[in-house]
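Work through these exercises with the coordinates open. Each task is followed by its solution.

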Amino acid sequence: MKGSIVILTGAGISAESGIETFRAADGLWANHRVDEVATPEGFAANPVLVQNFYNQRRGQLRDEAIQAHAAHYALGKLEREYQGVVTVVTQNIDNLHEAGGSRRIIHMHGELLKSLCSSCGRREPLEGDLTVDMSCPACGRTGTLRPDVVWFGEMPYRMDEIMELLEECALFISIGTSGHVYPAAGFVETAAAHGARTIEINLEPSRIRSRFDEHRQGKAGELVPVLVEEILQGHIRF
Ligand code: NAD
């Protein structure tokens with residue numbers, strides 16, 4: 001078995017699929033302030049607005065125009081063909097890594113295509129819209145269902161598992177993430193401290209660019225397939 005690979009992805013890898021990034025323009029996410037739509041306080045203040053916001057994002061995933069692209073497919077290929085363990089840890093809540101053929105995926109910020117009951121904690125697959133008057137299929141309470149998305153101030157999922165993977169990996173790659181959102185922005189340091197080689201692919205130098213051994217600047221759809229071929233052909237030493 002070859003050394004394991006961990007790939008951290010952010011909103012930038014989905015940008016070429018037509019899904020808006022988060023901070024790219026002006027700190028707004030799809031014309032909403034982040035504290036309005038991505039915090040527990042925002043949800044408590046205006047649950048209808050927040051449900052509608054995520055209903056729209058979920059609706060986009062049903063839109064045929066939103067498809068996985070070359071970077072997602074290349075990561076799926078890497079997982080299938082590399083003679084070692086490849087894990088995608090994504091901050092994205094869309095399903096484009098699944099569509100691209102990746103199977104070992106950790107959605108550390110949750111998934112649009114699931115609901116979470118804030119009363120009993122039950123998670124359920126979700127295709128359509130969530131509304132404030134729906135009841136939880138498990139506990140029967142009304143008004144407790146929310147998108148299974150980790151908001152600012154909440155603990156990301158599967159952190160213990162992610163830390164173990166980072167400590168063990170030989171190669172850490174970050175794609176399309178700005179380095180503003182912790183704990184993900186700190187993953188490069190954990191991996192490097194345990195001896196991993198680190199590579200960043202981003203449209204612009206991220207805030208944490210200097211912590212990587214190598215920065216490749218450009219579009220994920222162009223640069224990720226090239227990097228994957230280099231890894232599969234043994235051209236990257238780690
Ligand atoms: P971010 O929006 O803060 O940063 C995206 C980064 O990607 C930027 O540095 C930008 O320069 C880069 N980028 C843009 N287009 C690119 C391309 N074609 N190729 C390569 N890089 C490109 O995103 P983040 O760091 O992931 O943090 C945002 C948070 O918002 C995350 O926690 C995530 O949960 C959430 N979010 C998710 C989605 C999604 O699921 N698709 C979309 C928006 C926001």
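The exercises below go from the whole chain to one helix of this predicted model.

**Exercise 1.** Determine which secondary structure elements the chain has and how its radius of gyration compares with the globule rule.

*Solution.* Start with the elements: the chain has nine helices and eleven strands. Next, take the radius of gyration, which is 18 Å. The globule rule gives 18 Å for 238 residues, so the chain is as compact as a globular protein of that length. Finally, fit a box along the principal axes: the C-alpha atoms fill roughly 55 × 35 × 35 Å.

**Exercise 2.** Characterise burial, contacts and surface for the chain.

*Solution.* Burial: 50% of the 238 residues count as buried. Contacts: take those with a separation of 6 or more; 64% of them join residues 24 or more positions apart. Surface: the accessible area is about 11,200 Å², and carbon and sulfur atoms contribute 48% of it.

**Exercise 3.** Locate the mean positions of the positive and negative charges and state how far apart they are.

*Solution.* Count 23 positive and 32 negative charges. Average each set. The two mean positions lie 2 Å apart.

**Exercise 4.** Find which residues of helix H7 are buried, and explain why they share a side.

*Solution.* H7 spans residues 159-168. Apply the cut-off: buried means under 20% relative accessible area. Met 159, Ile 162, Leu 165 and Leu 166 are buried. They cover an arc of only 120° around the axis, which puts them on the same side of H7. An α-helix has 3.6 residues a turn, so residues three or four places apart point the same way. Now check the face turned away: Asp 160 and Glu 168 are exposed there.

**Exercise 5.** Identify which elements the buried residues of H7 pack against.

*Solution.* Four strands come up: E1 (5-9), E4 (86-90), E5 (105-107) and E9 (171-175). Helix H8 (187-193) is a partner too.

Terms used: Residues numbered from 1 in each chain as written. Predicted model: local features only at pLDDT ≥ 70, side-chain atom pairs only at ≥ 80, totals over all residues. Heavy atoms only, no water. Helix = DSSP H or I, 4+ residues; strand = E, 2+ residues; numbered from the N terminus. Rg over C-alpha atoms; globule rule 2.2 N^0.38 Å. Buried < 20%, exposed > 50% of the residue type's maximum accessible area, 1.4 Å probe, protein only. Contact = heavy atoms within 4.5 Å. Areas by Shrake-Rupley, 256 points an atom, 1.4 Å probe, with all protein chains shown as cover. Lys, Arg positive; Asp, Glu negative; His and termini not counted. Charge placed at Lys NZ, Arg CZ, Asp CG, Glu CD. Arc of directions from axis to C-beta.
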